[in-house]
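Please work through the exercises below with the structure open beside you. Each task is followed by a solution that proceeds in steps.

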2 protein chains.
Amino acid sequence: MTSGTPTQQSPHAVTLERPALEDAREAIADGIEREALVTVFGRCTVDYEGRASSVLEAGDRHVMLKPDGAALVHTDEGQQPVNWQPPGCEHDVYCDRAGAVDGDEDNDGAGDDDGTDALVLESLRSNPDERLLVRFQRVLQVSTFSGTDENELALSGTEEDLRQRLLEEPALLEPGFTPLATERATPAGAVDIYGEDSAGRTVVVELKRRRVGPDAVSQLRRYVDALTRDLHADADVRGILVAPSVTDRAERLLGEHGLEFVSLEPTDG
Amino acid sequence: MTSGTPTQQSPHAVTLERPALEDAREAIADGIEREALVTVFGRCTVDYEGRASSVLEAGDRHVMLKPDGAALVHTDEGQQPVNWQPPGCEHDVYCDRAGAVDGDEDNDGAGDDDGTDALVLESLRSNPDERLLVRFQRVLQVSTFSGTDENELALSGTEEDLRQRLLEEPALLEPGFTPLATERATPAGAVDIYGEDSAGRTVVVELKRRRVGPDAVSQLRRYVDALTRDLHADADVRGILVAPSVTDRAERLLGEHGLEFVSLEPTDG
DNA sequence: GTATCTATCTCGACC
DNA sequence: GGTCGAGGTAGATAC
């Protein structure tokens, strides 16, 4: 909760269990207003319309609304939400009397005693125009969470680490290699490491932190082609792919195009 | 909750607010045991070690453990979890007396009155070996959720829809185009649509549901190269990229390699 | 299991 | 804003 404003209270969580839909609506609206993280669990349908479109019939799901405008709908399976909306969206919540949902006519669940038929969460995005609609027939829990989170994730073992490693010890590529630039621009994009071998030939290095397939080889090939044209028609440009390993198809592609491979891990481990 | 076993009770949510760490541990262990979806909100540190490694210092975060073994750690920002574990992991929860965390020596929060220093959630994966450790100094809420979710997401507007559209109406590509196969195998991978134009020339079609960059052009190029070699040395193989639009760099690449582009959306909208 | 490719990819960086 | 490439990408599918 990076909303560490001076007015930040101590961290807290407020929960309603089996609330009437109108009470749930009020708690959610209040949570959005106070820029809390809001969760709702209950029986709902989900509709998405935008770049693609989707429909999800009734089931019990967990919905999270973040103060930055993100929305997540999770089932009990999978790491990914079944539906979502990215940060920057406008969240809205309201009760809907008109939206009777077939198959749920006999309102025997909780939250149906206030005359409303459904609690609707709406999340809107522009550019592209996209809309996420979660319609709850029954709400089992609503929570709002506030807190502080000043720290950021420190991640290591990335491609950036691999680059650092190679720049600090260029001989890991091959004896006599001299790095001259990183992120060197070419018409085909920026080259990871640009340098010279012991014979003075231009070397293009493409780094990948993990085992690579044909895509990485094509990428390296585009860089080599672009640099060959950029320098001289008959320039001798070597292309070297650096990664822990390559797939068979990628290895064949490397051979076909006269490219090389050096096995190296992001970390010394 | 697709765990729709015959013994499935009615959907329910159980919540503890500001529990002692040992009570939290018991509720979480019970939730994991009953294959519920478990959430924990509180002040925690997060460590990940595996393909890469990461450290996240103390802050208030929302953790979700799914019955399929997935784990998600969410801050109040971003659509993506700050740390996670994929489905298939083993979840474990225990209280830790030894793990005193610097900067939190004066235990003034809730849940510190039972003599334990931290509540630890551990999520283990094998192949690759990866470990996620969430250590709570303070727990503000624990919830366990159960329910039923029989329905699956129905998504449209995908690349598959684009393929269907083109197969039903091949003239959308160009008059006289005849599709002969989908997913035709080549040494470079499977071609989306393989067919013939009105002059009997082989046509390779690569589909993308959205605006494409250089990667898609390289992919198409690999297919055309592979098929040219596969058929005859002097075979005339056309490569056509079908997508809503292309970037400038991709367009230039298309021209360089004699490939073509047809603008088409996944849906008629 | 490995390999390949799609994705409402998300995210950040750079122009 | 668009473009580009990385990602602990995840997820599906074919081998």
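## Exercise 1: A residue at the chain boundary

Leaving aside its neighbours within four places in sequence, A:Ser53 is in contact with A:Tyr48, B:Ala154, B:Leu155 and B:Ser156. The model is a predicted one.

Task. Determine where A:Ser53 is placed, and decide whether A:Ser53 is buried or exposed.

Solution. Begin with the element: A:Ser53 belongs to strand 3 of chain A, which spans residues 53-65. Next, take the accessibility, which for A:Ser53 is a relative accessible area of 18%. Because buried means under 20% relative accessible area, A:Ser53 is classed as buried. Finally, consider the partner strand: strand 3 of chain A pairs in the antiparallel sense with strand 9 of chain B (residues 154-156), over three bridges. Within this pairing, A:Val55 stands opposite B:Ala154, and B:Ala154 is also one of the residues in contact with A:Ser53.

## Exercise 2: The interface as a whole

Task. Describe the interface of chain A and chain B by its contacts, its buried area and its polar links.

Solution. First, count the residues in contact, which are 77 in chain A and 77 in chain B. Second, turn to the area buried between the two chains, about 5,900 Å², of which carbon and sulfur atoms give 47%. On the side of chain A, the residues that lose the most area to chain B are A:Asp76, A:Gln79 and A:Arg222, which together make up 12% of what that side buries. Third, look at the polar links: 36 residue pairs are in polar contact across the interface, and six salt bridges are counted between the chains. Fourth, ask which element supplies the largest share of the side of chain A that touches chain B; strand 3 of chain A does, with eleven residues. By class, that side holds 27 nonpolar, 27 polar and 23 charged residues.

## Exercise 3: Salt bridges between and within chains

Task. For the salt bridges of A:Arg61, A:Arg201 and B:Asp96, find the partner of each residue, and work out the burial of the residues involved.

Solution. Start with A:Arg61, whose side chain meets that of B:Asp149 at 2.7 Å, N to O. This pair crosses between chains, from strand 3 of chain A to the loop between strand 8 (130-146) and strand 9 of chain B. A:Arg61 has a relative accessibility of 0% and therefore counts as buried, and B:Asp149, at 3%, counts as buried too. A further salt bridge across the chains joins A:Arg229 to B:Glu256 at 3.5 Å.

Move on to A:Arg201, which meets A:Asp197 at 2.9 Å. Here A:Arg201 is partly exposed, with a relative accessible area of 34%, whereas A:Asp197 is buried, at 3% relative accessibility. Both residues belong to a network of salt bridges in which A:Glu174, A:Arg238 and A:Glu260 are also linked.

Close with B:Asp96, which forms a salt bridge with B:Arg135, the closest N and O atoms being 2.8 Å apart. Since B:Asp96 lies in strand 6 (residues 90-96) and B:Arg135 in strand 8 of chain B, the pair ties together parts that are 39 residues apart in sequence. Both of these residues are buried.

## Exercise 4: A hairpin in chain A

Task. Characterise how strand 10 and strand 11 of chain A are joined.

Solution. Strand 10 (residues 178-186) and strand 11 (residues 189-196) run antiparallel and are joined by seven bridges. The two strands form a hairpin with two residues between them, and A:Thr186 stands opposite A:Gly189.

Technical notes
Residues are numbered from 1 along each chain as its sequence is written. Chains are lettered from A and ligands numbered from 1 in the order in which they are written. This is a predicted model: local features need pLDDT of at least 70, side-chain atom pairs count only at pLDDT 80 or more; totals for chains, interfaces and linings use all residues. Side-chain values use heavy atoms; hydrogens and water are left out. Contact means heavy atoms within 4.5 Å. Buried area is the accessible area (1.4 Å probe) that two parts lose on being put together, summed over both. A salt bridge is a side-chain nitrogen of Lys or Arg within 4 Å of a carboxyl oxygen of Asp or Glu. A polar contact is a pair of N or O atoms within 3.5 Å; within protein, one must be able to donate a hydrogen and the other to accept it, and residues adjacent in sequence count only if both atoms are side-chain atoms. Helices (H or I, at least four residues) and strands (E, at least two) are DSSP runs, numbered from the N terminus. Ala, Val, Leu, Ile, Met, Phe, Trp, Tyr, Cys and Pro count as nonpolar, Asp, Glu, Lys and Arg as charged, and the others, Gly among them, as polar. Two strands pair if DSSP finds at least two bridges between them. Buried means under 20% relative accessible area, exposed over 50%, partly exposed in between (1.4 Å probe, protein chains only).
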